[in-house]
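Open your viewer and get ready to click along with this tour. At each stop you will be told what to select and what to look for there.

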Amino acid sequence: MTGWYVYAIIDQPHVGPLAGPGVGGGVLASVPYRDIAAVVSPVEDEEIPILPAHVRHHEAIVEALMAVAVVLPVRFGTLVPDQERLRALLADNYRSFTASLARVRGRVELGLRVLWTDGVDPAPPRLDRPRPPSTLSGREYLMARLGEERRTQARCQRAQDLADELHRPLAELVHASTWQVLRTPRLLLSAAYLVDTPGVGRVRDAVGSLAQTHGQLQFLLTGPWPPYHFVTADDPVAVAPEAGGARANVLA
Amino acid sequence: MTGRAFEDDDVTLLELLDRALEKGVVLWGDVTVSVADVDLIYVGLKVLVSSVETATRMRQPLTASTLSGPLAGHS
Amino acid sequence: MSSPDPTGPASGPLFADPSALHAFTTELERARSLLPPRVNADPQSVDHGLAKLVLTVVELLRQLLERQAVRRIEAGSLTDAEIDRLGQTFLRLNMRMEELKRVFGLEDEDLNLHLGPLGDLR
């Protein structure tokens, strides 16, 4: 055995018998530290190759754990050489893990992607690739680049404004969110939301409304996911108390 | 399986990879790497460029739009 | 979530326009291609990976420097002579990069770092 493959950190020191072998075929077990634990299985290989089947297997185990505990999913491929080191990692990060577990308790992650389609996207035409012998003067070349830069910046601003508009109705319905604008030219918005489990339907309906209003954008809402994007509780104090099941986000 | 189910699967797998490979708790430095040196260098580049751009943005005067929301936001 | 679905959360997306799924797949693959494809760790592809890496770095620097020059033009801190000289240099460098890309059979997409809020290099 070369190490322990780690799936998740959970909010209890032990977990009941889990069905099925782990990634690499070993038996699932928990390594406790005080009132939390890491869920692991022994592996023979130095490295677990990143194959879809393995990642799905990892995910299946994380999701099975979510049915019986509060879970912080660990990144795929995490191997720890021995249990002593794992216990030390749990001890070192105990307070952070406990805070994060509290933050995700009773909640799930939803993922939103919004595509900017050709009709809406003011993508500038690209600069022609200069081929020799080019008759462009140096000045002409840079002035063309300047024009391109200005259009890119305007586009960026437009994307930001649109993303803000889309985020506003959703911010009311979620506990926390993290987002990125223009991760690729056509991916206007990529967001992850931490949502109370009973509130998932409301978010789905809100996205449906947004899709109606913004007929030229395309929406993809996936989930419920384990809270991959919310495993570090940045600042617990920044989270406002619940009020009637909905909350406004601080720093939104 | 219908065509729709295949596409659902594709998209769901990509969303899963995006999460399980890039997010989640990082316990043990970096995860297992394949073509190791090339991977690490790419990651380093992205971090470098993000820092440059952030530094540039910080030098611009604060306007209503820069106050209302950074391009990558958290709440 | 009682029984885990090995393919991911329950039964597909919560909300999606069926006609858009393919576009999302393409875009998500593009978003993830910041790192070289790790799913197939092929030792033979190391050399190709290195050429791609080197050219990506050069492309990155070239575009950042061009952007810098453009900002200085906007700020009015370059003389006409400097603008012309810089422009010529960048133009030649751009053409050289096009040549190299052709030689290695690389497309713009192969070298694109998808820098997110920075906007793409291209």
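Start by colouring the two domains of chain A: the centres of domain 1 of chain A and domain 2 of chain A, taken over C-alpha atoms, lie 29 Å apart. Domain 1 covers 3–104, and domain 2 covers 108–124 + 155–238; such bounds come from an automatic or database domain assignment. Where the two touch, 11 residues of domain 1 of chain A meet 9 residues of domain 2 of chain A. Contact here is defined as two C-beta atoms, placed from the backbone, within 7 Å of each other.

Which elements supply at least two residues each to the side of domain 1 of chain A that touches domain 2 of chain A? Select α1 (52–66), β4 and α3 (94–104) of chain A. With 5 residues, α3(A) gives the most to that side of domain 1. Helices (H or I, at least four residues) and strands (E, at least two) are DSSP runs, numbered from the N terminus.

Before going further, a word on what you are viewing. This is a predicted model, in which local features need pLDDT of at least 70 and side-chain atom pairs count only at pLDDT 80 or more, while totals for chains, interfaces and linings use all residues. Residues are numbered from 1 along each chain as its sequence is written, with chains lettered from A and ligands numbered from 1 in the order in which they are written.

Now colour by pLDDT, the predictor's confidence in each residue, from 0 to 100. Chain A averages 86, and 86% of its residues score at least 70. Look at residues 235–252 of chain A, where the pLDDT is below 50; beyond near neighbours in sequence, this stretch has 20 contacts in the model.

Next, select strand β6 (residues 107–116) of chain A. Because 10 of its 10 residues are buried, β6(A) is largely enclosed by the rest of the structure. A residue is buried if 20 or more other C-beta atoms lie within 10 Å of its own, exposed if 12 or fewer, and partly exposed in between, with C-beta atoms placed from the backbone. Both faces of β6(A) are covered: A:R107 and A:L115 are among the buried residues on one side, and A:V108 and A:W116 are among those on the other.

Which strands pair with β6(A)? Add strand β8 (residues 187–196) of chain A, which is antiparallel to β6(A) over 9 bridges. Then add strand β9 (residues 217–225) of chain A, also antiparallel to β6(A) and joined by 7 bridges. Strands pair if DSSP finds at least two bridges between them. Click on A:E109: A:L194 stands opposite in β8(A), and A:W225 stands opposite in β9(A).

Move to A:I9 in strand β1 (residues 3–10) of chain A. Is A:I9 buried or exposed? A:I9 counts as buried because 30 C-beta neighbours are inside 10 Å. Now show A:F97: 88 residues separate A:I9 and A:F97 in sequence, yet their C-alpha atoms are 7.7 Å apart. Leaving out residues up to four places away in sequence, the contacts of A:I9 include A:L72, A:F97 and B:V25.

That last contact leads to chain B. Trace chain B from the N terminus and you meet its elements in the order α-α-α-β. Of the 75 residues in chain B, 24% are buried.

Finish at helix α4 (residues 138–171) of chain A. Its buried residues include A:Y141, A:A159 and A:L170.
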